[in-house]
Amino acid sequence: MTDVGMLFEQHDWGYVAVEAGVWRTTFAVSSDEEFDLYVVLAEDWLHFAVSPLLTTGALTSPARLQRTLLKLNQELRMARFALDADGDVNLLADLPLDMVDAARFGQVLDLLVFYADRLAADLRRVAADPNFHSPLFAD
């Protein structure tokens, strides 16, 4: 069995075991915004979810945000955006269990932190302001 707690510890990340097979950690990006990251062990996969990356609440431009997320999904590597049952935006990644080791686990953590840091603020503005155009991605 994959010891996810040990993998977090090898990268000096604190974590909480939420329940059997589910771990939660929190990280901050350069703007000091904090995000929860969940890691779930399921059958042959280790699933990662920054949840939520963006709470959608009362959006001004939901169609524009969804269109932007779909376009970004083509550009992201090893990760993707998805909407949860509440309509909030999550940032997801997966690793097959037979490929999980400390290096790959660390790469996924780094990747999710990078994307959250790089994209969350602009996605929030895209969702709230129909006149905002991000230099990070085309509308």
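In the predicted model, a polar atom of the Arg-64 side chain lies 3.5 Å from the backbone oxygen of Val-126. Arg-64 itself belongs to helix α2, which covers residues 62-75, and with a relative accessible area of 10% this arginine is classed as buried, because that value falls under the 20% limit.

The helix that contains Val-126 was examined next. Helix α3 runs from residue 102 to residue 128 and comprises 27 residues, with a distance of 38 Å between its first and last C-alpha atoms, a span close to the 39 Å expected at 1.5 Å a residue. A bend of about 40° is nevertheless found in α3 at Leu-119. At the start of this helix, the backbone nitrogen of Ala-103 is approached to within 3.2 Å by a side-chain oxygen of Asp-101.

Helix α3 also takes part in the largest nonpolar core of the model, a set of 41 residues in which Phe-48, Leu-53, Phe-81 and Leu-123 have the most contacts. At least two residues of this core come from each of α1, β2 (22-28), β3, β4, α2, β6 (89-96) and α3, and the greatest contribution, 12 residues, is that of α3. The surroundings of Phe-81 illustrate how separate parts of the chain meet: apart from neighbours within four places in sequence, the residues in contact with Phe-81 include Leu-53, Leu-69, Leu-72, Val-89, Leu-91, Leu-119 and Leu-123, together with Asn-73 and Asn-90. Leu-119, one of these contacts of Phe-81, is also the residue at which the bend in α3 is located.

Three features of the backbone geometry were noted against the general background that most residues other than glycine have a negative phi and that most peptide bonds are trans. The peptide bond joining Ser-51 and Pro-52 is cis, with omega at about -10°, and Pro-52 is situated in strand β4, which spans residues 45-54. Positive phi values occur at Asp-12, where phi is about 55° although the residue is not a glycine, and at Glu-43, likewise not a glycine, where phi is near 50°. Asp-12 is placed in the loop between α1 (4-10) and β1 (16-19), while Glu-43 occupies the loop between β3 (34-42) and β4. Asp-12 has a relative accessible area of 74% and is therefore exposed, and Glu-43, at 76% relative accessibility, is likewise counted as exposed.

Technical notes. Residues numbered from 1 in each chain as written. Predicted model: local features only at pLDDT ≥ 70, side-chain atom pairs only at ≥ 80, totals over all residues. Heavy atoms only, no water. Helix = DSSP H or I, 4+ residues; strand = E, 2+ residues; numbered from the N terminus. Buried < 20%, exposed > 50% of the residue type's maximum accessible area, 1.4 Å probe, protein only. Polar contact = N/O pair within 3.5 Å; in protein donor to acceptor, adjacent residues only side chain to side chain. Expected span 1.5 Å × (residues − 1). Bend = angle between axes of the 7 residues up to and from the residue. Core = buried A, V, L, I, M, F, W, Y, C linked by side-chain atoms within 4.5 Å. Contact = heavy atoms within 4.5 Å.
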